[in-house]
Amino acid sequence: MYQYIKGTLKEVAPQNITVETGGIGYLIMVPNPFRFENRDGEDVTVHTELIVRDDSHTLYGFVTMDEKVLFQSLLQVTGIGPKSALAILAASSPEEIIEAVEAEDEKYMQKFPGVGKKTASQIILDLKGKLGHVSIVSPTPEKGGNNHHIQEAMLALEALGYSKRELKRIEKNLNQEHFDSVDQAVKRGLKYLVQ
């Protein structure tokens, strides 16, 4: 129904962003909201997918069209719902996901929250050879302060389904590094979590 929404970024939260256009604020679930950090008040374009369920209408958003296409592809896999697909996209780059699928790397796929051996096999079975049309675009990091970035990253990782115990394990590692953005801290945290 909505191909994309272009408007003013009003809020960045651990699980979503709010974009205002035409006097309406759209709550959009995104894989890593902190890709949008430091852009409050700026115009943004978010590629969207509306998913209608009996009890909800939820808008999902993506930085690039290719990321949206990968999300749609993941939803075609038995056992993968929108929350799992978002967690997979937040925890890895599209390029790494595609490489893992093409290499039939089940262990890599099992590192994502909610993906066990059976689901990892299903992802590979359903998507191998079908993701060649997805290209890769990496967002550029934004500037900011380290402590705030780590705290926000921990909230985002918890929102993706990682336990407080898992997060406590990686927090020490994160505190020893410097990050220019929350997005950068989230990506590094995810690397530690999937090791």
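Thr 8 has Glu 20 as its bridge partner in strand β2. Thr 8 also stands opposite Asp 43 in β4. That makes Thr 8 a good place to enter this fold, which comes from a predicted model.

**The strand around Thr 8**

Strand β1 covers residues 4-12 and pairs with β4 in the antiparallel sense, over five bridges. Strand β2 covers residues 16-21. β1 and β2 are also antiparallel, with four bridges between them. The two form a hairpin, and three residues lie between them.

**The barrel**

How are the strands ordered in the closed barrel? The order is β1-β2-β3-β5-β4, five strands in all, and the pairing is mixed. On average, neighbouring strands of this sheet are turned by 55 degrees against each other, direction ignored.

Four of the pairings can be set side by side.

| Strands | Sense | Bridges |
|---|---|---|
| β1 and β2 | antiparallel | four bridges |
| β1 and β4 | antiparallel | five bridges |
| β4 and β5 | antiparallel | seven bridges |
| β3 and β5 | parallel | two bridges |

**Strand β5 and its partners**

Strand β4 spans residues 43-53, and strand β5 spans residues 56-62. Seven bridges join these antiparallel strands. They form a hairpin with two residues between them. Two residue pairs can be picked out here. Val 52 has His 57 in β5 as its bridge partner. Ile 51 is matched with Thr 58 in β5.

β5 also pairs with β3, this time in the parallel sense and over two bridges. Here Met 29 has Tyr 60 in β5 as its bridge partner.

Why is β5 described as largely enclosed by the rest of the structure? Five of its seven residues are buried, so the rest of the structure largely encloses β5. Buried here means under 20% relative accessible area.

**Helices on the sheet**

Which strands do the helices touch? Helix α1, residues 65-75, packs on the sheet and touches β4 and β5. The direction of α1 makes about 15 degrees with that of β4. Helix α2, residues 82-91, packs on the sheet as well. Its contacts are with β3 (24-29), β4 and β5. The direction of α2 makes about 15 degrees with that of β5.

**Putting it together**

β5 pairs with β4 through seven bridges and with β3 through two. Helix α1 touches β5, and helix α2 touches β5 too. Back at the start, Thr 8 is matched with Glu 20 in β2 and with Asp 43 in β4.

Technical notes:
Residues numbered from 1 in each chain as written. Predicted model: local features only at pLDDT ≥ 70, side-chain atom pairs only at ≥ 80, totals over all residues. Heavy atoms only, no water. Pairing = 2+ DSSP bridges. Axes fitted to C-alpha atoms, helices over the stretch in contact; angles between N-to-C directions. Contact = heavy atoms within 4.5 Å. Buried < 20%, exposed > 50% of the residue type's maximum accessible area, 1.4 Å probe, protein only.
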